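Work through the exercises below with the sequence and coordinates at hand. Each task is followed by a solution in steps.

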Amino acid sequence: MAGSKKKKPHKTLSPSTSTKPPSPPPTMDDDELMDELMAQLDSKDQTVQAESADVLTEMRIKKAADSAPSTPKQDSKTRHQARQARKAAALVEKYSPSDPEADARLKKEADDEDRTIKRTCDELGLEIFQVTPDGHCLFSAVADQLALLSTLPPAQATYATCRHAAANYIHSHPNDFLPFLPSSSGEDGPGATTDTGLMDRAEFDQYCVAMRDTAVWGGEPEILALSSAFNVPIHVVQGGPQPVVVHQPLGSAQIAKAEDRGVVHISYHRRLYGLGEHYNSLRPKSHTVSESLKSAFHS
């Protein structure tokens, strides 16, 4: 992503401690509950999925009832809540456990994707290391790789460390990321044709805090930020016509090859759990990995 020529003063994110989020307590506010329920939609337990979907549906109905058109302009927190509600609604609508035809279609798509990813992994001498589907999967997968590469000490190789690194990098490089972050009120909400479609600075600040402190899912911007923050290429193995997507640190002139030293390998699964996207770490195979990949992971 190319940066803007005009640079703005960088703000520092307020300090905070990050711990693994517990099950939703009774005092959890709507934002935290929404994050937790969306993470639970990735569960392999269909009962957990169904219960989470039911609660999210109720929350969506309540938000619709509470959001009477009283103010012409929403603040950034309200826009963030609206965007989370729309994302939850889209996931809930995809969940239909009582529809055998839909279940069969999703299973076929998941199986096809799984075969493609495993075939690419075999070609690279890699195997999938399962990461917990808890909303932190991207950051946990990268943390596992950084520990294998000795980029981070094992005790520091956690999703919390990677969340902080990604959020801080994005926040300190707004010109590189703001042009690629859609506003909830611009791209998704009313007035999309007249708005710029991108986040303003207040919404951007909130986005970074949410990425740092909650279980909101990470994606392409966070992968690029992690690649740049730790100065490592990140190769993403996925299904579809492009089996490997390469992410280089911003400003890097050379494209790393899969067998090069110090490359992070993760897999992206769009259909693994049917409802949401998921990332896993890709570790070298115990006995078949090539010497070049061994040196890359154990240097």
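The exercises concern a predicted model and go from the whole chain to two loop residues.

**Exercise 1. Describe the chain as a whole.**

Step 1. Start with secondary structure: the chain has 11 helices and five strands.

Step 2. Turn to burial. The chain has 299 residues, and 46% of them count as buried.

Step 3. Examine the surface. About 15600 Å² is exposed by the chain, with 54% of that area supplied by carbon and sulfur atoms.

Step 4. Sort the contacts by sequence separation. Taking contacts between residues at least 6 apart in sequence, 68% join residues at least 24 apart.

**Exercise 2. Place Ser-150, give its phi, and decide whether it is buried or exposed.**

Step 1. Locate the residue: Ser-150 sits in the loop that runs between helix H5 (137–148) and helix H6 (159–172).

Step 2. Read the backbone angle. Phi of Ser-150 is near 60 degrees, which is a positive value in a residue other than glycine.

Step 3. Apply the cut-off: exposed requires over 50% relative accessible area. Ser-150 has 54% relative accessibility and therefore counts as exposed.

**Exercise 3. Do the analysis for Asn-231: where does it lie, what is its phi, and is it buried or exposed?**

Step 1. Locate the residue: the loop holding Asn-231 is between helix H10 (220–229) and strand S2 (234–238).

Step 2. Read the backbone angle. Asn-231, a residue other than glycine, has a positive phi near 55 degrees.

Step 3. Classify by accessibility. The relative accessibility of Asn-231 is 60%, so Asn-231 counts as exposed.

Methods. Residues are numbered from 1 along each chain as its sequence is written. This is a predicted model: local features need pLDDT of at least 70, side-chain atom pairs count only at pLDDT 80 or more; totals for chains, interfaces and linings use all residues. Side-chain values use heavy atoms; hydrogens and water are left out. Helices (H or I, at least four residues) and strands (E, at least two) are DSSP runs, numbered from the N terminus. Buried means under 20% relative accessible area, exposed over 50%, partly exposed in between (1.4 Å probe, protein chains only). Contact means heavy atoms within 4.5 Å. Accessible areas come from the Shrake-Rupley method with a 1.4 Å probe; for residues, only the protein chains shown count as cover.
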